[in-house]
Structure formats: C-alpha cells, structure tokens
Amino acid sequence: METEDWFKLKRYPHIGEPLSLMDYKWIKTYVENKKCIKEHSFLPLIHKCIIKRKYRADIVNLDRNKKGERKRFIDKPKIRQIYYASHIDSMVFSYYNYLISEEYEKFIETKKFNESIVAYRKIPIVIGSDKNKCNIDFAKSTFEFIKKNEDKNLTAIVADVTAFFDNLDHKILKKQWCKVLNKSTLPEDHYNVFKALTNLHYVEGDQLYNSYKGTMLVERGIPNFSKKKGIKRIEIKSNSYFKEKNAVAYCTKEEFLANNLNLVISEQNKKGIPQGSPISATLANVYMLDFDQEIYEKVETIGGYYQRYSDDLIIVCEQEYEDEILKFIRDKVKNLAKLEIHPSKTTVYRFEETEGIFKGFEIDENSKEHNYNKCLEYLGFSYDGQRVLIKDSGFSKYYRSMKRSFKKSTSLAINSKNPDKNLFKSRLYKRFTHRGSKRKLIYQPSKIDPSKYEPTKKYYWGNYLSYINKSNENMRNLNGGENIIKRQSRKFWNNFYRLMKHHEAKVSDAKKVEI
C-alpha cells in the first residue's frame, strides 16, 4: 500500500495498541480534517530518561594502563528527557510537522541564510537529486571554507545552546509559527497542536508499568491461525525485556481513563516543548528564524561563515573579529532567542600558519592560551587544518555497543531452550563487520507471484563501517587523497574476532557444565 512520508508507524509501547498499515486510510482522513484536529483530545505523553555515560581521559592522574593508554573515568552523565506521544497523537504531530515543514521551506528558500540551517531538513546533494545531505556533508562544507581561507588567520567558534528544547519561549514560538503560516494568529487546528506541545502533561513510564503490577499487553500469535495475532496481558520482569517479549502497550485507552488519571503530571511549564515528538525538531528551526537571520547577516558583513545544526552552531571568521562575534552571539541568544549559551558550552579554535604549516588548535577564551593538543571538533569530526578524522568517542561508542551485543548474544545462547546453544554469528557479523556494511534496497515477495521479489521503499542502511566508508570517501580531498578515516577502523576486525573467540569459549564452557 502506498503511503505518504508523514505516515510513520512506531512500535514502542504506549497507552493503546499500536497502529498498522491497515489503519492508513482512516488516519489520513482524520488528520486532514481540520475540525477533527481542532477537537482532538491528546493523551498524556510517556516520559523516560535516557542516560548517556561519558568517558573522559584522566588528565590529572597521568598513570597509564597495561596498553600504555591514559586511564579513563566516567564523567557526569548526559541525561535526556524524552517524551513519547501515543500512536494516534504521534500521527497528528507527524502530519502537522509535514505541513509546517512545507511552509518553512517556502519561507526560507529565498533567504540568504537558507543553506546555513542544516538540521532536520531534506537538502539535496545537488539540485534535482533524490539523495540528501547528511552531517558528513555539512561538516565537510565547514572544513572546506577553512581550507579555502588558509591564507588568513581564522577563528572558529563552536557553541551549544543549553537545554535547547526545554527552554523555547512559548510566545516566540507562537509568533514564529504564525509567521511561517503567514497568519496573524494560529488557525484553530494548529492552535490545538500548539497547546498539546506547550501545556505539557505526561506519565512516568515506570509508574504506569508498576500500576499494572509489572504486566504489559503483548502481541501473540493465535493457535491454528498462521497470520492472525491477538493481544494478551503477561508479566514482564523489567522494561529491558519489553522488546524481546513484544510488548505493545501498557494498557488500553479505556483502562487508562478508568484507572490511571491520578498518574498524570501537569508540568504547567511556561517554556519548553517535549523532545521526542515528531514535530519538535521542525518547530526548533521555526523558533530560530529571527536569530538565524541576524547572525547570518552579521557574519556575512565580515566575510565569515555561519552554520547551525539544531542547537549546535559554528561561526568561522578572521581572528580580528573573534571577541566581537562572541559578544554578538551571546547577546542574540539571550535577548532575541531568550535562550542561553553557557561558557563551558562554547569552544574557540584558531587556524593559522605555525612553523610553515596551517594548523588548527583550541584556545582559552579568557587567557587566550593555546592548546595545540586539541583541534576543532564539529558534528562528530575533528579537523586540525591538515586532516579530517572521526572523533574517538564515535569509535568508543561503537566498540561498547559491540561488547554489549556479544554479551547479550552469549546470554541468549546459554539460556536458550535450543539444544545446540550456539551464538547467532550471522547477526553479529552483519552488524559489526564489513560483511554487513553494504547499503542496499530491500526486496520482498510479490503479492501477485510469491516466487518473485519486488523492490520496497525501504533500505538496509548498513552499519557503522558504512558510515566510516562514506566519511572516508567524502573527506578524501581534504585528507590529501588518502584513506585516513578508513585507517582509523583498522582495529575493528581484530576487536571483533577477539570478542567472538572469548564468547564462543564461554558458551562452550556452559555446554560442558550441562553435560
């Protein structure tokens, strides 16, 4: 069935059962009816915290481990507050995201800063192409500007807006929303969506789970029916098993309204929108319209470069304008956008010729002291004026993911009811090695003739090595035609092979104990 891009099915558990492709027609009719959306009653969001651990090199204690590497410690974790909309609410948000995105693109297509705003947009690689740019292309254009101006002494300022989504001013958001729609006030259907986002009501996922005594609604096959499936409530030990047990909902809408209204938390927030809804990212771009225009115009007058990727922005200019631009950014963030850039979230780099080499390095904003061991980091890459590399943190994250997957696969193999108790090697090879790095179109059996396969609209996007290969290809010119980024991944195979042998041995030992 042909569907529109805004129709995106989600499988996360929420209040009420998930939607299916069979629901497309009535959902399309519903969301396109302005009267329905004007009167639509939004369910509370489900709130979860995503905690991301940060590993930092110990620069105080210079002791090294057995491999000669600096010891690392776990820094203060990054906590993201994520809110999930119910399945029908998500469709409403997704459809209105589509409407607002269309109007936003029309609004800025004639603006000079059009190409400077790069996040959450479909920007073709070349005009007319069906392939769009990604963070690799955006980082590359930034580094190319620096390279093109290596005859000058440059400053690159990278700033990160503090708690971006949590601090969006509701009055500014409404004003900019109206501007994009070319209306003096929000239409009633849009206004209802606006209220749902700004008047935050949510339920803690764990509390809702506990209210049903650790049980969830799960999808199960019906005996004697190969395709039909039913819903039943079963006990699940913890939320980490939701996906494995195919949990589809905490409860039905009727159960929630009858039993759980006491769990609803009304934030009564005067600023901020929930991060995680399908519409939040587009609204963030809409919100920053005036800011983007003023920053771009200021930077353009001094022959500089401006790019914003969501709450990360970078400005490259000649060093003589360094302090002026820093002051200007902070003033506009505070007084125009009503947001904040914390000093610790602002990093200043300089690029200049040092001993005959065009070199990039970090400086202390106040003392102006140089730190030649740190170079520009932006959108997951580092650039020192001579070469582009993927940041070490990206490789560390991938390796930790690899170790977790091996650990989980081993646990499943040992505790499996299958007598041979083997690791699912093909899955691991596909996810973590070159064997699964090829990106390709997904085919499915034809409904007319099951013996034949026809292309779908879905793609298998490969794995992290696919990203490395694409980065290497795109950045090759900046790296003097060499495969520098690809060489960064040379240890992957050895690490994978070592983990494979280690976990195969654990499974083998478990088999011997059973015998």
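I took contact to mean heavy atoms within 4.5 Å. On that basis I looked up Val193 in this predicted model. Setting aside neighbours within four places in sequence, I found Val193 in contact with Ile37, Phe42, Val92, Phe93, Tyr96, Trp177 and Ile279.

**Entry 1. Nonpolar cores**

I next placed Val193 in its wider setting. The largest nonpolar core has 68 residues, and Val193 is listed with Trp177, Tyr306 and Leu339 as the residues with the most contacts inside it. I asked which helix gives the most to this core. Helix α3, residues 87-108, does so, with eight residues. I also noted a second, separate core of 45 residues. Phe143, Leu465, Phe492 and Val507 are included in this second core.

**Entry 2. Asp292**

I then turned to a charged residue, Asp292, which lies in helix α10. Is Asp292 buried or exposed? Its relative accessible area is 0%, so I recorded Asp292 as buried, the cut-off being under 20%. Leaving out neighbours within four places in sequence, I listed the contacts of Asp292 as Phe113, Ile117, Tyr306 and Arg308. Tyr306 had already appeared in my notes, among the residues with the most contacts inside the largest nonpolar core.

**Entry 3. The second largest pocket**

I looked up the second largest pocket and recorded a volume of about 590 Å³. This pocket is lined by 25 residues, of which Asn114, Glu115, Ser116, Ile123 and Lys133 are the closest to its centre. Three elements give two or more residues to the lining: α4 (135-148), α10 (289-301) and β10 (305-309). Which element gives the most to the lining of the second largest pocket? I found that α4 does, with four residues. Sorted by class, the lining holds twelve nonpolar, eight charged and five polar residues.

**Entry 4. The open sheet**

I traced an open sheet of four strands, in the order β1-β8-β6-β7, with mixed pairing. Its edge strands are β1 (14-15) and β7 (229-235), each of which pairs on one side only. As a reminder to myself, strands of a sheet pair through backbone hydrogen bonds, either parallel or antiparallel.

How many bridges join β6 and β7? I counted seven, and the sense is antiparallel. Within this pairing, Gly221 stands opposite Lys229 of β7. Strand β6 (residues 215-221) is also antiparallel to strand β8 (residues 247-251), here over two bridges. In that case Leu217 faces Ala249 in β8 as its opposite residue.

**Entry 5. Positive phi in loops beside these strands**

I checked two loop residues for backbone phi. Lys213 is not a glycine, yet its phi is positive, at about 55 degrees. I located Lys213 in the loop between α7 (205-211) and β6. With a relative accessible area of 74%, Lys213 is exposed, because the cut-off for that class is over 50%.

Asn246, also a residue other than glycine, has a positive phi near 65 degrees. The loop that holds Asn246 runs between β7 and β8. At 29% relative accessibility, I entered Asn246 as partly exposed.

**Entry 6. Strand β12 and its partners**

Why did I describe strand β12 as largely enclosed by the rest of the structure? Seven of the nine residues of β12 (residues 346-354) are buried, so the description follows.

I then looked up the strands that pair with β12. Strand β4 (residues 154-160) runs antiparallel to β12, and six bridges join them. In this pairing, Ala156 has Tyr349 of β12 as its bridge partner. Strand β13 (residues 357-363) is likewise antiparallel to β12, over seven bridges. Here I noted Phe351 opposite Gly360 in β13.

What lies between β12 and β13 in their hairpin? I found two residues between the strands, and Glu355 in this hairpin takes a positive phi near 55 degrees.

Technical notes:
Residues numbered from 1 in each chain as written. Predicted model: local features only at pLDDT ≥ 70, side-chain atom pairs only at ≥ 80, totals over all residues. Heavy atoms only, no water. Pairing = 2+ DSSP bridges. Core = buried A, V, L, I, M, F, W, Y, C linked by side-chain atoms within 4.5 Å. Buried < 20%, exposed > 50% of the residue type's maximum accessible area, 1.4 Å probe, protein only. 1 Å grid on protein atoms, 1.4 Å probe; cavity = no way out; pocket = protein on both sides within 12 Å on 5 of 7 lines; lining within 4 Å. Points joined across faces, edges and corners; volume = space filled by probe spheres on them. Nonpolar A, V, L, I, M, F, W, Y, C, P; charged D, E, K, R; others polar.
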